[in-house]
Amino acid sequence: MTENRTQADATPIVRLRAVSKVYGTYTAIASLDLDILNGEFITFLGPSGSGKTTTLMMLAGFEAPTSGSIEMDGQRIERLPAHKRNIGVVFQNYALFPHMTVRENLSFPLKVRGVARDEITRRVGAALEQVHLGAMGDRRPIQLSGGQQQRVALARAIIFKPKLIVLDEPLGALDKNLREHLQTELKALHRDLGTTMVFVTHDQSEALMLSDRVAVFNKGRIEQIGSPSELYRAPATPFVASFIGENNMLDGEIVGREAGDVVVRFAGGATLRAPSQDWCQTAARVSFNLRPESLRLATDAAKPGCQRVSARVLDTVYLGDQNRVVLEADGIGRLMLKADAENGRALAPGDVVQVEMTVASGRVLTRANNET
Amino acid sequence: MDSQYLWRLAIKICGALVLFFLIAPILAIIPLSFNSSSILSYPLEGFSTEWYAKLFVDDRWWNAIRNSLIVAAATVAIATPLGTFAAVGLSKVTFRGKPLVVAALMSPMIVPTIITAVGIYFMFSKLGLANSLTGLVLAHVALAVPFVVITVSASVAQLDPVLLRAASSLGAGAVTSFRVVTLPLILPGVISGAIFAFTTSFDEVVVAVLLTGPEQRTLPRELLSGTRENLDPSVMAIATLLVLFSTALLLVFNAIQNRSRKLRD
């Protein structure tokens, strides 16, 4: 396993127990249990309205849970006002004080805490260096670019050495290049500081890149929580499978077992095999998932542990480093395949190809609970 | 020339006429204050600063100026914080009767002043506040608060509530947050409100007529009796000084507006 895990150890710094948040008749958070581990970088990932931001706001103290408890370092904090929680917050729109210079913005949390003046000067200087804004101290936020403003916001959230830093889609407003640059910086910063960070985003690639663990939110609940590779390789629900990475999702039914595998038959009549799981029962309706990159265009003899289907090319999309090939697989349905550019270019709509995949790359997911 | 040019010319002329209409009566008094004749009419007879000189030795005017400044300053000192707190407080909450509370706060501005003034007169007479500067200040505060509420509310509406969350996340309690974040950012509105409060009090005449005896006469009150009883050009001299003073206030007000706009963009 190639995990991003940094200094995280197993002791939780924050525990959420049966936390719910109800607005009138709308349930934003149903009943949430979550442990945030000391030193980890955990991301709340989900579409808008999934409850990820609400959870973050309850952590930071801007919203009170309707019921349930939040503990930090063993202390109940769910009724503690935000200014007494000692949690650093980075906001989506930076929330820098426009009437203060960068230096004054950074001094603010230290002044409030009664830190001595020369100590403030020293720490502000160090923080400015840390986020590569050494020369910008006397500017006002308005005179900085978006990326620079977000760096100041980050520095302001870490300068008072909080035990927990929460970040609410902090890179959402930035363009792609800058975003990737700041992601790298943020990751390095987390490695240097070792502070627990909770990051909210709707961007799955950002979540995979940054996090030790990702909690996937949907409809006010956590669908799955795990390392990026766990989520990618072994999604627990169709929602997670479709939200993280690209996936071919095919409806089928378990019709039998062979060794440790299940055989799934599709509406078109064809069958494919995938590793069995605890819950798998014959006649269960399942979603059969295949990652596009696990499909190959077969050119030689079948390998052991592989299965093949014959398919007709519907369309190819050129993406530079790769080609997307959209196929209609006989008796199965529509499949999307990533071919390297050389391989895919030769294909034209109407061509018939053999598609190969390992049995291990297939994943069956129950449709009983999570499909509406 | 094309028709577009003529249009523009017509618009400019109309604009100039409107401005002339607005400003001519004010400008007309200035030459009269320097007229050597004691009769208030054109054409002028000759240049004289006699009326200004007379003004400076007349206790009646000095007393009125002093009263006006005391009352206006006290009105500003009371109405500005009251209106500011009201505006900030109202921005933070929503409750059932909020429109009623807002209407009550605004009523002195909407109800004809004479109605408010008569009401205040009857009430203050019972309370022993008639014929006192304290009473006049309290009445002016009631008239001035709506202006402060309006200007401060406009500033508060521009204030990003996330900034207050940020302040709180950084460890600032409600009082610190108000002092260090809210107040500096709404200051242009507060200062505008203070200027409005000052002018509301400084040129208020209706309440002053009802509520002041000879001892508490304010400048507008004295000007009113000056024009009615003994119309001499010293009234014009004091009016000219007032015009200069108002112009200065207006310039300050504009400067503040420009400054706050610069901060925001």
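## Exercises: two domains and a helix pair

The C-alpha centres of domain 1 and domain 2 of chain A lie 39 Å apart. The model is a predicted one.

**Exercise 1.** Find which residue ranges form the two domains of chain A, and how many residues of each are in contact.

*Solution.* Start with the bounds. Domain 1 of chain A covers 12–241, and domain 2 covers 246–366. Next, look for heavy atoms within 4.5 Å. By that test, 9 residues of domain 1 of chain A touch 9 residues of domain 2 of chain A.

**Exercise 2.** Describe the interface of these domains: what area is buried, and which three residues of domain 1 of chain A supply most of its share?

*Solution.* Take the area. The two domains of chain A bury about 710 Å² between them, with 50% of it on carbon and sulfur atoms. Now the residues. A:Tyr232, A:Pro238 and A:Ala241 supply 68% of the area that domain 1 of chain A buries against domain 2. Then the pairs. The rule finds 0 salt bridges across this interface, but 4 residue pairs in polar contact. Finish with the helices on the domain 1 side. H7 (228–233) and H8 (238–243) of chain A each supply at least two residues. H7(A) gives the most, with 3 residues. By class, this side has 7 nonpolar, 1 polar and 1 charged residues.

**Exercise 3.** Work out how helices H3 and H10 of chain B cross, and which residues make the contact.

*Solution.* Locate the helices: H3(B) spans residues 59–92 and H10(B) spans 219–228. Their axes come within 7 Å and cross at roughly 145°. From H3(B) come B:Arg60, B:Trp61, B:Ala64, B:Ile65 and B:Ser68. From H10(B) come B:Leu219, B:Pro220, B:Glu222 and B:Leu223. Sort them: 6 nonpolar, 1 polar and 2 charged.

How values were computed: Residues are numbered from 1 along each chain as its sequence is written. Chains are lettered from A and ligands numbered from 1 in the order in which they are written. This is a predicted model: local features need pLDDT of at least 70, side-chain atom pairs count only at pLDDT 80 or more; totals for chains, interfaces and linings use all residues. Side-chain values use heavy atoms; hydrogens and water are left out. Axes are lines fitted to C-alpha atoms, for helices over the stretch in contact, and angles run from 0 to 180 degrees between N-to-C directions. Helices (H or I, at least four residues) and strands (E, at least two) are DSSP runs, numbered from the N terminus. Ala, Val, Leu, Ile, Met, Phe, Trp, Tyr, Cys and Pro count as nonpolar, Asp, Glu, Lys and Arg as charged, and the others, Gly among them, as polar. Domain bounds come from an automatic or database domain assignment. Buried area is the accessible area (1.4 Å probe) that two parts lose on being put together, summed over both. A salt bridge is a side-chain nitrogen of Lys or Arg within 4 Å of a carboxyl oxygen of Asp or Glu. A polar contact is a pair of N or O atoms within 3.5 Å; within protein, one must be able to donate a hydrogen and the other to accept it, and residues adjacent in sequence count only if both atoms are side-chain atoms.
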